[in-house]
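Here's a structure you may not have met before. Let's ask how a few of its labels are earned.

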Amino acid sequence: MRFFKKLFKGLLFLVVILFVLGFFFREYLKPNYKGHLRLDNLKDSTSVYFDDYGVPHIYANNEEDAMRALGFVHAQDRLWQMELMRRIAPGRLSEIFGKDMLEVDKMFSSMEIAETSKFCVQQLDKNSKHYKLANAYLEGVNQFLMDGTTPVEFYLLGIQKERFTMEDVYNIYGYMSFSFALGQKTDPLMTALKEKLGEAYLKELPLVTPKNYTKIPVWNTDNIKKNFTSKVNKVLDESQIPLFMGSNSWVLNSNKTKSGKVLFANDPHISYSQPAVWYEAHIVTPNHEMYGYYLACSPFPLLGHNRDYAYGLTMFENDDLDFYALENNSKNKNEYQSEMGWEKYTIKNKEIRIKGGDVCVHSVKYSDLGPIINDIFPDVELKSPVAMWWMYTQFPGELLEAVYTMSHARNSDDFRKGTHLINAPGLNVMYGSKNDTVAWFATGKLYENNKGVNRKFVLDGTTDYDYPKRYLDRNENPYAINPPQNYVYSANNQPAAVNGFLYPGYYAPDNRARRIEHFLNTDEKWDYSNAKKMAVDVTSAVTPTIIEHLGKSLDTTEFSMNEKKAWHILKTWKGDSPLNSVASTIYYKWEYDFLRNTYEDEMGKDLFLEFLRTFTLKKSIILQAEKENSIWWDNVHTIMKEPKKDIVTKAFKESIAFLEKQLGDDIDKWEWKKVQTVEFQHPLGKVAALRPIFSVGPFPTHGAREVINNQETRYDSTGVYKVKAGPSTRRIIDFNDVENAVSISPTGQSGNPFSPHYKDQTDMYLKGKFRKMLLNKNEIQKSENKIIFTKN
């Protein structure tokens, strides 16, 4: 008995020791928000105040010192995120995650983003202001890397520290650009559908802009058998890195606001993740002030504002990535047919290091048009070699200078010059200033093709007829400056024609655009109060219309009591999706079953699943619902020819039966909050034991697909809606009261799970609340959390 008492005491002592060690280790890993620190190459003392949400406000006597301090504090809160982000483009995720990331690394290393980054850095003017400031930022990052606390993820994954370089900055820009490109998800799929079903079926899909589509106003003076699209989607799903998805923005001039000053709003839509995408920081020097939103390892903010102007981004959704089918020389497989005759492939061996010491070497052929995707995914069955042509690698831009220029502009003309430096990705850059200028500019190197060339399909690469015919002058890009409607906006919808030319792209359905115009095309005057409500609006502009169209073909004669009640709820629904909505639960299940019954029999399961992940599918819903006659209504697996009524009614009955099984017979309890949730997932949160430490959530959430408060979920059969993407921040700036501008983050400012600012904004975000973006020096300097950097 005495032995067991001693053993128990010994074990208890060991547990206490481990707890104490764990506590001190946790405290050691926390970010440091106060004290005196030395910073290499600093010219003068620099002060950093951290506000109540951990946002640094940096006061320096010169901008290079400010950038060194920014790099240090950015790394302190987001070093793990920086490490993760810099690895994807060069194909280095397998080094830390193992062989599960091998396909991801193969794809990205083959795309030559890293080689493009190296070229761009070589072209930089080393005496330019933007280069010197970016270099100062990297010095700050690297000092924290070497001298600061090592993130817990580095310990868990065994990551060796490597200094950050300018190529890392460009690699992150390159990944961002690829995630904006949608051609890789659409062109091969449409080609496969065309070859399987023929032209008649595709004519009824919205591959061209529908007649009643809401456009952004412009104002100015048998090739693919096993679908490549599914491979790309699988790789992107596994990549651990957030994808850039879409966005909303609207900018109102003095005629639309209560104060008579410009009001600016922006909420970029990006895959949810933890840490959050944006790092906020406020810089003040004698000659420069900017409250900015920074990507990991980006020296300059992609979103920002000061007392003079504000800017933000949405995705343009233009087509800047195309596929070309080539023909190999039957006598020499290393040659391909071109307009000039037989050309030799360039063959490169890509080396990928895998955690544990293994090395994978894969060979990739390159034509003048780009990498051959057959070599990237050898299990994708292709009749001929297919090359991927991408604007970002074909015409490397000047992204570093572009973002610097936009964040340092003296006026709208200066700002616009910065947008002209971007070849890819395509962006809608939104702008508003205190002098009553509102504007948007579509960025990117745009081009025209010969008549009859449809870039929604794999093109012919054996001649130059399908190649870009003419590159547009930058002034031909869509834009609007101070338009007569007194506002500009973007919801990833297609811009109106310029000189009779509608620019090809993969534009979002106009659901959000219609809702934004619904709010803004009134006599209502705007301020912070109603702008906040609009930013978190959860009402769809189109679902009531879809229900009306489908309802005309719904056979209710043999409905059960629950089916009758469900239909009554939908008929009276306004299209809103709060947490207690029952109609949302019914509608979104019916929407999926309607799509499945309409398209899956012709497409087949695999192609249908990929079709569900395209904007083409989203745009087709209302168009198909309107049609009484369509080639898609007939179920090709039955003898009879089904009319619309059969498909719509069958889908509705299946949905109600499913929901009864899933949620019970009491329809009043089918609340939206029971089926739609959001989790802000950290890569290590996929390990069950680590999930409570690193990931945030899951939580029930309001909103739905393609409403202003866009909550992006997959179309699938589960009846459960796990939100994958949504507003990565919400910002509102009223130039009548710029010091009370507001914002919110989905989780928090810090990427350190032991920081008090890791998830301190989550509850506010989920409730549609905001907090201030401080500019007032007196308010800022009340903070007790202050670091003073001095030179070594």
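Q: What makes strand 10 (residues 321–325) largely enclosed by the rest of the structure?
A: Buried means under 20% relative accessible area, with exposed over 50% and partly exposed in between (1.4 Å probe, protein chains only). In strand 10, 5 of the 5 residues are buried, so the rest of the structure largely encloses it. Strands here are DSSP runs of E with at least two residues, and helices are runs of H or I with at least four, numbered from the N terminus. This is a predicted model, where local features need pLDDT of at least 70, side-chain atom pairs count only at pLDDT 80 or more, and totals for chains, interfaces and linings use all residues. Residues are numbered from 1 along each chain as its sequence is written, and side-chain values use heavy atoms, leaving out hydrogens and water.

Q: How do you know that both faces of strand 10 are covered?
A: In a regular strand, side chains alternate between the two faces of the sheet. Leu321, Phe323 and Ala325 sit on one side, Asp322 and Tyr324 on the other, and all are buried.

Q: Why is strand 10 said to pair with strand 17 (residues 386–390)?
A: Two strands pair if DSSP finds at least two bridges between them. Strands 10 and 17 share 5 bridges in the antiparallel sense, with Phe323 partnered by Met388. Strand 21 (residues 459–460) runs parallel to strand 10, joined by 2 bridges, and Tyr324 has Leu459 as its partner there.

Q: Why is Thr747 called buried?
A: Its relative accessibility is 0%, so Thr747 counts as buried.
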